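I opened this model to look up its sheets, its helix contacts and a few backbone details. My notes follow the order in which I looked.

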Amino acid sequence: MIPESFIQDLLARVDIVDVVGQHVQLRKAGANLLGLCPFHGEKSPSFTVSPTKQFYHCFGCGAHGTAIRFLMEHTGAGFPEAVRSLAGMVGMSVPEEERSPRQRAARQQREAMVSRHSQVLETANTWYRQQLRGAGAAVAYLKGRGVSGEIAARFGLGWAGGERQGLSAVLSNYDDPLLVEAGLVILSEDGRRYDRFRERVTFPIRNARGHLIGFGGRIIGKGEPKYLNSPETPIFSKGSELYGLWEARQAIRKEGMVVVVEGYMDVVALAQLGIECGVATLGTATTPVHVQKLLRASDSVIFSFDGDKAGRKAAWRALEACLPLLRDDISIRFLFLPDEHDPDSYVREFGAERFRKALREAMPLSQFMLGELAERHQMDEAEGRARCVHDAKPLLQAMPAGALRMQVQRELAQLTRLTTEELGQLVPLQDVPSGPLVQTPAQMRGTSPVPGRSESNNGVQGSAEAPDWVPDHEPPDDHFYEPAPDFHERPAGPAGGGGFRPGRFKSGRFRDRDGRYGDERPQGYTGPRARVTPIAGRLLQLLLTHPGLVRHMGEDAEHLLEANQGYESVKALLALVRETGAQHAGALLQAAEGSALSQTLVMASTATIYEEELPDPDAELHDALRMVALHAAVAEQQQLAASGLKDAQDKARYLALTERILELKKPRVVE
């Protein structure tokens, strides 16, 4: 475990501009720096780095994070590797939290085992690749499939010859049990040993960090099975891995999507033809673990299957694996090719652009699900529609709550000639918040979201749950006003676009470039007075960009937040600042990763990236807390009025609240 206190110390010393600047050419743009996004292809820079807030954000693809996140996403490093790399840049050594002797021994044993497996697998891979050069039949097969030497080298393709113990040429101790455990050698019942892969083109399989964990083999002559994988080993599980994910990582970011195909050769052949964002399962049905990895790589996933019965069956299994992991901000689609084609043959016959067009027009998950249900039943009969509802019930119940489930429920009701209310009675649904994973990343890692980071932590973003500061009520009439961007939309760009940014208006007064306030609107402003961002959102912005303000919040302020609803995220942020001692927004974003607070902070930080430096953050905080008190007083007064002021105590309280509201409405004098 890497202590959270060390992470915060590290982020306080590291400058994100130095980290990003090693990989991206940046230029000054006001208080920030701009460059071409390294995570997707673009001609105009939309990748912004904030040196004061210590995070980056791309307004083109949505990439967002800290210095640690940047190294993980750009280089493919795991969380521990990224931390160690940054620590080396600033001359810090990474400490480890104390473990029991048993824990240390188990970890050392695991590391030694992984090291031994990696060594024998890499040795075998080097041998296979060398053998391919002299294997005329294998080279002819690959050329016949259109695979160039460059692509073969990129994917590390090799050749396992026909010798029963070919690996004995490079593995001196052929009787070592490790070779059987690693899946390279088979031990027969009579005690004889022989190579698992023979007369096959070999495909090295790497995990998300690029480590070699197994092989796939494709026979080029007669024989079964056509494809052969490494067996389950301590470091390889085919139900958890995707072929080509490591090789496709940069293309997936550039294309903004990941395409799932059925075989190794489809992945390689598509890459040869310029479609480099393909991956494949390893001869198994798509699992929830596969879907989790796909959604970590991209928020747009397209499954490409054959259009025959087997292909549609595989697609349905993939759909079932996807349902619990759905979010309203992702896209999962299905592409069914003609029966006589796989992706490789389709691109060869019709071209890469035709295939890309087919990908763009792929069937949405909801359409595939409802269409398949309708096709399986007699929808012109009451009995058929009833069976359709019966079969749809576990599918709907597997989906997290959200706009997508609501849309599917409505369309299913129309399909089965029911009202939405009637369908709701037949298919009761739990209001489970939507999220990126069945388990939160912290639960998957077996750690708490904040106190520490484990060696296996890949820093997955947290829940996509909507921020709790989005209002569901009208504010008092005398409220803060300003032309304010919606947090769910892109804020003003680097050039400003002539628009106003958050913080330019306050208490109905306008602030000029020098931070002074006045009653006159800026020259040229003719737009309507839009209601300000919800006050909880403004508090989040203030505390996120100025964590030091937390020290200035007394008990009265905290009691005020505790006594009113709608400030859960603000209270969680206060606790996070106190627990971690974070000194800037980037450090808070890093500390919140894997928690329900993460997405809320990402949205709030994005809205502030072009906000001008506040001349008086303490005064801003004072005004924000004053508005919290005003909201609370108005709400209580309205509640008393609605009850009819039944007694003298109610009337006295009403009058006291009137005075309180008048006091809170008085504008703050700014010198």
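The entries below go through the zinc finger region, two sheets, three helix pairs and two loops.

**Entry 1: the annotated region.** I note that the model is predicted. I checked the UniProt record before the coordinates. The unreviewed entry places a "zinc finger region: CHC2-type" at residues 37–61. I then looked at the backbone there. Residues 37–61 are 0% helix and 32% strand. The C-alpha atoms at the two ends of this stretch are 8 Å apart.

**Entry 2: the antiparallel sheet.** Which strand order does the open sheet with antiparallel pairing have? I read S2-S3-S4-S5-S6, five strands. The edges are strand S2 (27–29) and strand S6 (64–65), and each pairs on one side only. I followed S6 inward to strand S5, residues 55–58. Two bridges connect S5 and S6, in the antiparallel sense. Histidine 57 has histidine 64 in S6 as its bridge partner.

**Entry 3: H3 against H4.** I moved on to helix H3 (residues 67–75) and helix H4 (residues 79–89). Their axes come within 9 Å and cross at roughly 120°. An angle over 115 but not over 145 degrees counts as oblique, so H3 and H4 are oblique to each other. The crossing of H3 past H4 is right-handed. I listed the residues that touch. H3 brings Ala67, Ile68, Leu71 and Met72. H4 brings Phe79, Ala82, Val83, Ser85 and Leu86. I sorted the residues of this H3–H4 contact by class: eight are nonpolar, one is polar and none is charged.

**Entry 4: a cis peptide bond.** I checked omega in the loop between strand S11 (212–219) and strand S12 (227–229), where proline 225 lies. Is the bond from glutamate 224 to proline 225 cis or trans? I found it cis, with omega near -10°. I noted this one because most peptide bonds are trans.

**Entry 5: the mixed sheet.** I looked at another open sheet, also of five strands, with the order S14-S13-S15-S16-S17. Its pairing is mixed. Strand S14 (278–280) and strand S17 (363–364) are at the edges. Each has a single partner strand, so one side of each has no neighbour in the sheet. Strand S16 (residues 331–337) and S17 run antiparallel, joined by two bridges. Across from arginine 333 I found proline 364 in S17. I also looked for a helix on this sheet. Helix H14 (residues 352–360) lies across strand S13 (258–261), strand S15 (300–306) and S16. H14 runs at about 130° to S16.

**Entry 6: H16 against H17.** The axes of helix H16 (residues 382–398) and H17 come within 11 Å and cross at roughly 170°. That makes H16 roughly antiparallel to H17. In the contact, Arg385, Cys388, Ala392 and Leu396 of H16 meet Arg405, Val408, Gln409, Leu412 and Leu415 of H17. By class, I have six nonpolar, one polar and two charged residues for H16 with H17.

**Entry 7: the loop after H17.** I went on to the loop between helix H17 (403–415) and helix H18 (420–426), where arginine 417 lies. What is the phi of arginine 417? Phi is near 60°, a positive value in a residue other than glycine. I flagged it because most residues other than glycine have a negative phi.

**Entry 8: H20 against H24.** The last pair was helix H20 (residues 535–545) and helix H24 (residues 598–608). Their axes come within 9 Å and cross at roughly 80°. H20 and H24 are therefore roughly perpendicular to each other. From H20, the contact uses Leu540, Gln541, Leu544 and Thr545. From H24, it uses Thr600, Leu601, Ala604, Ser605, Ala607 and Thr608. I sorted the H20–H24 contact too: five residues are nonpolar, five are polar and none is charged.

Methods. Residues are numbered from 1 along each chain as its sequence is written. This is a predicted model: local features need pLDDT of at least 70, side-chain atom pairs count only at pLDDT 80 or more; totals for chains, interfaces and linings use all residues. Side-chain values use heavy atoms; hydrogens and water are left out. UniProt positions are given in the numbering used here, feature names are shortened, and annotations may be inferred rather than shown by experiment. Helices (H or I, at least four residues) and strands (E, at least two) are DSSP runs, numbered from the N terminus. Two strands pair if DSSP finds at least two bridges between them. Axes are lines fitted to C-alpha atoms, for helices over the stretch in contact, and angles run from 0 to 180 degrees between N-to-C directions. Angles under 35 degrees count as roughly parallel, over 145 as roughly antiparallel, 65 to 115 as roughly perpendicular and the rest as oblique. A crossing is left-handed if the near helix is turned anticlockwise from the far one by less than a right angle, and right-handed if clockwise. Contact means heavy atoms within 4.5 Å. Ala, Val, Leu, Ile, Met, Phe, Trp, Tyr, Cys and Pro count as nonpolar, Asp, Glu, Lys and Arg as charged, and the others, Gly among them, as polar.
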